[in-house]
Amino acid sequence: TSPYIAPTLTVDAVIFQITNGALEVLLIKRADDPFKGVWALPGGYNGAGETTTSALHRVVLQKAGVDTEKDLAYSEQLYTFDTVDRDPRGHAVSVTYMGCGRDITIRDAGSHTAFLDVNNLPDLAYDHAAIIKYAHERLQAKLTYTNAVSAFLEHKFTMTQLQSAYEIVFGREFDKRNFRKKFLSLDLIRETGDLWRDGAHRPAKLYEFKSKKL
């Protein structure tokens, strides 16, 4: 009988934020082969005795300068990608996480780390284009029934800012009245009693999410 050879266990992170009206994803330029010089999701090996979440925290901080514990408003395990031929070096299973935040700081950002527009990505390493597409679809689904959008917003926000975040994630415009009615029916937010004043515009009501937890 042939000896049992375990596949390699890796972790990858799909980290989203909204900047200048675009949904962006965190990418790094690979320093080594395979795919040297090609953009990829931050990821790496999961060592023995290490949970996937602690491996993720270590790898993303090391490779991309982002602290998954401090910088993300929320993160969750997305999927386990285990296609046999996804890595030219051999069978690698990737436990992939998705996270969202706002104004994420890239510590010691070199030219090898950047947030890039999900709708305008360069060619990516491995199966990372498919992983990002899958994560984007999961994010859209989450936004239809949870408060996940709060990860992209300030603590207090206007209905217009909320709708804008949705339009960016879904890549289309929504009817203002319909959106408002539908979102209020989810019962996730409440009025704060404060107003948003912006120059000559009429003051707008400020809302907040009833719960910080997802």
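Colleague: What share of the chain's residues count as buried?
Modeller: Keep in mind that this is a predicted model. The chain has 214 residues, and a residue goes in the buried bin when its relative accessible area is under 20%. On that basis the buried share is 45%.

Colleague: And the surface, what percentage of the exposed area do carbon and sulfur atoms supply?
Modeller: The C-alpha atoms fill a box of roughly 70 × 35 × 30 Å along the principal axes. The chain exposes about 12200 Å². Of that area, carbon and sulfur supply 50%.

Colleague: In what order do the helices and strands come along the chain?
Modeller: There are 4 helices and 9 strands to place. Reading from the N terminus, the run is β-β-β-β-α-β-β-β-α-α-α-β-β.

Colleague: Let's look at strand 6. How many of its residues are buried?
Modeller: Strand 6 covers residues 92–100. In a regular strand, side chains alternate between the two faces of the sheet. Here one side has Ala92, Ser94, Thr96, Met98 and Cys100, the other has Val93, Val95, Tyr97 and Gly99, and all of them are buried. Strand 6 is therefore largely enclosed by the rest of the structure, with a buried count of 9 of the 9.

Colleague: Which residue of strand 6 is the bridge partner of leucine 9?
Modeller: Strand 1 spans residues 8–19 and pairs with strand 6 in the parallel sense, over 9 bridges. Within strand 6, leucine 9 is matched with valine 93.

Colleague: Then strand 5: does it run parallel or antiparallel to strand 6?
Modeller: Strand 5 takes in residues 74–81 and is joined to strand 6 by 7 bridges. One bridge links phenylalanine 81 with serine 94 of strand 6. The sense of the pairing is antiparallel.

Colleague: Now asparagine 46. Is it buried or exposed?
Modeller: Asparagine 46 sits in the loop between strand 4 (43–45) and helix 1 (52–64). Leaving aside residues up to four places away in sequence, it touches Leu9, Thr10, Val11, Thr51, Thr52 and Ala55. Its relative accessible area is 11%, and the cut-off is under 20%. So asparagine 46 counts as buried.

Colleague: Which residue's backbone oxygen does the side chain of asparagine 46 reach?
Modeller: A polar contact needs N or O atoms within 3.5 Å. The asparagine 46 side chain gets to a backbone oxygen at 3.0 Å. That oxygen belongs to glutamate 50.

Colleague: Last one: how far apart are the mean positions of the positive and negative charges?
Modeller: The chain carries 27 positive and 27 negative charges. Their mean positions are separated by 7 Å.

Note on methods. Residues are numbered from 1 along each chain as its sequence is written. This is a predicted model: local features need pLDDT of at least 70, side-chain atom pairs count only at pLDDT 80 or more; totals for chains, interfaces and linings use all residues. Side-chain values use heavy atoms; hydrogens and water are left out. Helices (H or I, at least four residues) and strands (E, at least two) are DSSP runs, numbered from the N terminus. Buried means under 20% relative accessible area, exposed over 50%, partly exposed in between (1.4 Å probe, protein chains only). A polar contact is a pair of N or O atoms within 3.5 Å; within protein, one must be able to donate a hydrogen and the other to accept it, and residues adjacent in sequence count only if both atoms are side-chain atoms. Contact means heavy atoms within 4.5 Å. Accessible areas come from the Shrake-Rupley method with a 1.4 Å probe; for residues, only the protein chains shown count as cover. Lys and Arg count as positive and Asp and Glu as negative; His and the chain ends are not counted. The place of a charge is taken as NZ of Lys, CZ of Arg, CG of Asp or CD of Glu. Two strands pair if DSSP finds at least two bridges between them.
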